[in-house]
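I have a new structure open today and I'm keeping short notes as I go. Here is what I'm looking at.

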There are 4 protein chains.
Amino acid sequence: MSIRLRLRDIVESTETRAGRAFDWLVVGLILVSLATFSIDTIPDLPAAVHAVLRVTEVIIVVLFLLEYLLRIWIAERRLGYIFSFYGLIDLVAFLPSLIALGVDLRSLRSFRLVRVFRLLKLARYTHALDRFRAAMRRSREELLLFSFLAMVLMWVSAVGVYYFEHDAQPDKFASIFHSLWWAIATLTTVGYGDIAPVTAGGRFFTAVTLIIGLSVVAVPAGILSSALTDDRRRARRDDAERSE
Amino acid sequence: MSIRLRLRDIVESTETRAGRAFDWLVVGLILVSLATFSIDTIPDLPAAVHAVLRVTEVIIVVLFLLEYLLRIWIAERRLGYIFSFYGLIDLVAFLPSLIALGVDLRSLRSFRLVRVFRLLKLARYTHALDRFRAAMRRSREELLLFSFLAMVLMWVSAVGVYYFEHDAQPDKFASIFHSLWWAIATLTTVGYGDIAPVTAGGRFFTAVTLIIGLSVVAVPAGILSSALTDDRRRARRDDAERSE
Amino acid sequence: MSIRLRLRDIVESTETRAGRAFDWLVVGLILVSLATFSIDTIPDLPAAVHAVLRVTEVIIVVLFLLEYLLRIWIAERRLGYIFSFYGLIDLVAFLPSLIALGVDLRSLRSFRLVRVFRLLKLARYTHALDRFRAAMRRSREELLLFSFLAMVLMWVSAVGVYYFEHDAQPDKFASIFHSLWWAIATLTTVGYGDIAPVTAGGRFFTAVTLIIGLSVVAVPAGILSSALTDDRRRARRDDAERSE
Amino acid sequence: MSIRLRLRDIVESTETRAGRAFDWLVVGLILVSLATFSIDTIPDLPAAVHAVLRVTEVIIVVLFLLEYLLRIWIAERRLGYIFSFYGLIDLVAFLPSLIALGVDLRSLRSFRLVRVFRLLKLARYTHALDRFRAAMRRSREELLLFSFLAMVLMWVSAVGVYYFEHDAQPDKFASIFHSLWWAIATLTTVGYGDIAPVTAGGRFFTAVTLIIGLSVVAVPAGILSSALTDDRRRARRDDAERSE
């Protein structure tokens, strides 16, 4: 067996021991990379920490580059891999940082933020995203209908509270878009408290809106949640039927 | 086939291609109209934007007027359409704005707000409202009982917290109606934080109220939510039975 | 048929037309009484409104007194009625206010608050309370276990956040009881924002607590909610079985 | 029967009357201990209360010591008990306080906090913890998957809001870790309001995050809640099947 085929067994398989080890190595690198990215944003870090973070970043970028080249080399259809979803993700994971190693990092903040997309490399190793997409697809019609209903309700709430509160708090409920922010924070029950009605009319309107709105706004989340956990119930039912 | 019958096929049908195109055109107009209405409330817009918004509004009003006249002309029973729910909605969608085109818009703010009712024109094209009404009807008795229970609980919470907090915060818990606002914001778990108990008694009372109240206040929303999504489950069960 | 028997048919029956009319009259009186009680707490009411409220209160007290005497007169077992739950409620509904008509109302605030108990007179006319009690009884064991678990969790959260935040905010997290207030407002997701952790340790602890705690604290409310709506599902299932 | 065997019947059994009385005594002691611990943290307590608390603490420590010695004496396998989970808990319940009785309590705050672990002594008398652990075990895979998804979502929200808000509020959204605190408070709908987006971009991002995020973040809590109450449903179904 050639080295290329052996390496393919390691890199692309998840069933051999070496394959799993390679996967864990890449997952570990991704997590370390995301951690250094997060730590990097802490203000007033000592210079030593910055140095460590920068070295770590260089090492990670080089390793991701090597992984990319390796994956191209061992791929059955090389162009197929390069232009696949995972191929592009693997490229985005190191290319901007590689370029940025030459240029000064501080000038282009968005270049640094591109590092977030390394998260997508994780998609290869977890089925969470598949499940999310499957749940979305399965309940799409319902989701669309109730999301539309929820949005209409939020918009109506925003218009209503704008009508009642604009004169009393012209800076907080400055426009319907400002009121929409209030409607979202209120109907999801987050309630930051940065914007809240103060007039009797606005408060009464809020009360009525909340009583009707909570049931409507909760529906899309409920549909998606139950679609996400549906597989489990289905699997259980199948198990139960099998065991009968 | 006369022009009138042909137009009826376009305007009232949703099955022909031209009919669907006409529907999408009206829906598009409604959404554009609601968007301009919202943008119009943003303070300190440049004069150019205001001009564009005003021209858009005039065009929309004229188009809604033409649509109204068209619908009257093609209707089988003309008076029947004029005094139907949709006929009145179609009238309200342009009449106030048409009058306001002559008069100065700024003087009569409520005239502008009437534009919100254009949203109701959407009711012709979505089944969301039907479903909402069906859900309401199906669970009416339960909804009434538990909404009553929730309101009683909120009122009792308001009286209780008024009793504990009025002396400590006479401006915030000024009356039972002020306390009711607190009760609504608290028992729906929005919790703006503009009014909150500070005395030990008020806080203990709030704790007890929350522990009992959350389960009661959540019930009407839960009933309505599950009634809204009932059709789906019923449809699924029917499918399952059919496929057996 | 004697007058007494005829009156009993009106006062105690809910099946005759006169009986239902009498019931609605009493319910109306109770609601008016609770409304005047609430309005009475609004500060700086004009003297005219106060006069109207006072006259209304006198009329209601007299009518409740007459209702009480009537119910004693027509009762089959008079002492039985007087010492029954409803008999005592009917007495409490007017006695303190009757006494207060002589004395100055302002001096004894708690006397005024006793008017809240008129709400209990409603219990005769609604089954909401019965249902609440039935739900409590049915799920008592579960409710106790999970309420206990929820309380332990809240206490542990309070101790933990006290440990992390006491030094940073000695006035807000002054004692474990202050922290308990925070724990209740947080784990019910009300989140007033009057007390919130500021240290890294306190915030990390809050995050962990929330992720574990939300699922535990939500359980008692969920049990009670589903017990409250159980009857409905049971009734539906019975209907479905009957119709098969 | 020897005294040792008789005592074992009292201390270790929950079926004899004396056994239950002993259990209730220990549970009572634990609760009193936790209460005194909580009261002890209230600032500016009168000296008399402090004296009472200190005496109570001494009595409790001595009683826990006696209980520990008693349990060792009656244990079938003494070393087995000493190194068991409950043996270590029983030791921790009095040892630090016993040592602290000699030394000045105020110097070592963590010594006082060790008293919290007396709560674990309750584990012997309630099945709540068993149930919690069983629920965890039963739904472990699902919990891990969705907790991971929830964490990823929170991290992405934190990065996104950091990107939008860092320039506008550099002190509040100082780093991704500061943003994570916001993400946790927001996606659990607690919404303290200490940190909230103010830019249009940040608010729009928050709206989108909330609409998607609420359904994802609610899933782990929902799984755990339903796993916790599963036993009940299973028991009911078994009952129903038996009675058929």
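**Entry 1: where chain A meets chain D**

A reminder to myself before anything else: this is a predicted model. I began with the interface of chain A and chain D, where about 3,200 Å² is buried between the two. Carbon and sulfur atoms give 72% of that area. I then looked up the residues in contact and got 33 from chain A and 39 from chain D.

Next I went for the charged pairs, and the count between chain A and chain D is two salt bridges. One of them I looked at by name: D194(A) and R203(D) meet through their side chains, with N to O at 3.8 Å. I also checked polar contacts across this interface, and the rule finds six residue pairs, both partners at pLDDT 80 or more.

Which helices of chain A each supply at least two residues of the side that touches chain D? My list reads α2 (17-40), α7 (109-113), α8 (128-138), α10 (176-187) and α11 (200-243). α11(A) gives the most, with seven residues. Sorting the residues on this side of chain A by kind, I got 19 nonpolar, nine polar and five charged.

**Entry 2: chain A by itself**

I stepped back to see how chain A is built. I noted eleven helices and zero strands, so the pattern along the sequence is simply α-α-α-α-α-α-α-α-α-α-α. Of the 244 residues in chain A, 47% are buried. Chain A exposes about 12,600 Å², and carbon and sulfur atoms supply 67% of that. I also looked at contacts in chain A between residues at least 6 apart in sequence: 65% of them join residues at least 24 apart.

**Entry 3: salt bridges inside the chains**

Over all chains, the structure holds 44 salt bridges. A note to self on the idea: side chains of opposite charge can pair when their charged atoms come close.

I picked E67(A) and K121(A), whose side chains meet in a salt bridge at 2.7 Å, N to O. E67(A) lies in helix α3 (residues 47-74) of chain A and K121(A) in the loop between α7 and α8, so this pair ties together parts that are 54 residues apart in sequence. Are these two buried or exposed? I checked, and both E67(A) and K121(A) are buried.

The pair has company, as I found a network of salt bridges that links E67(A), R71(A), D90(A), K121(A) and R124(A).

Then I moved to chain B, where the side chains of R71(B) and D90(B) meet in a salt bridge with N to O at 3.9 Å. I placed R71(B) in helix α3 (residues 47-74) and D90(B) in helix α5 (residues 85-92) of chain B, so the salt bridge links distant parts of the chain, 19 residues apart. R71(B) has a relative accessibility of 7%, so I wrote it down as buried. D90(B) is at 1%, and therefore counts as buried too.

In chain C I looked up D90(C) and R71(C), which form a salt bridge with their closest N and O atoms 3.9 Å apart. D90(C) sits in helix α5 (residues 85-92) and R71(C) in helix α3 (residues 47-74) of chain C, so the pair ties together parts that are 19 residues apart in sequence. I have both D90(C) and R71(C) down as buried.

**Entry 4: R118(C)**

Where is R118(C) found? I traced it to the loop between α7 (109-113) and α8 (128-138) of chain C. Why does R118(C) count as buried? Its relative accessibility is 1%, and buried means under 20%.

I looked at what surrounds R118(C), leaving out residues up to four places away in sequence. The residues R118(C) touches are I30(C), S33(C), L34(C), E57(C), I60(C), V61(C), F64(C), A93(C) and S97(C). I took a second look at A93(C), because its backbone oxygen lies 2.7 Å from a polar atom of the R118(C) side chain.

**Entry 5: V208(D)**

My last stop was V208(D), in helix α11 (residues 200-228) of chain D. V208(D) has a relative accessibility of 37%, so it counts as partly exposed. I also checked V208(D) against S157(D): the two are 51 residues apart along the chain, and their C-alpha atoms are separated by 9.8 Å.

Note on methods
Residues numbered from 1 in each chain as written. Chains lettered and ligands numbered in written order. Predicted model: local features only at pLDDT ≥ 70, side-chain atom pairs only at ≥ 80, totals over all residues. Heavy atoms only, no water. Contact = heavy atoms within 4.5 Å. Buried area = accessible area lost by both parts, 1.4 Å probe. Salt bridge = Lys/Arg side-chain N within 4 Å of Asp/Glu carboxyl O. Polar contact = N/O pair within 3.5 Å; in protein donor to acceptor, adjacent residues only side chain to side chain. Helix = DSSP H or I, 4+ residues; strand = E, 2+ residues; numbered from the N terminus. Nonpolar A, V, L, I, M, F, W, Y, C, P; charged D, E, K, R; others polar. Buried < 20%, exposed > 50% of the residue type's maximum accessible area, 1.4 Å probe, protein only. Areas by Shrake-Rupley, 256 points an atom, 1.4 Å probe, with all protein chains shown as cover.
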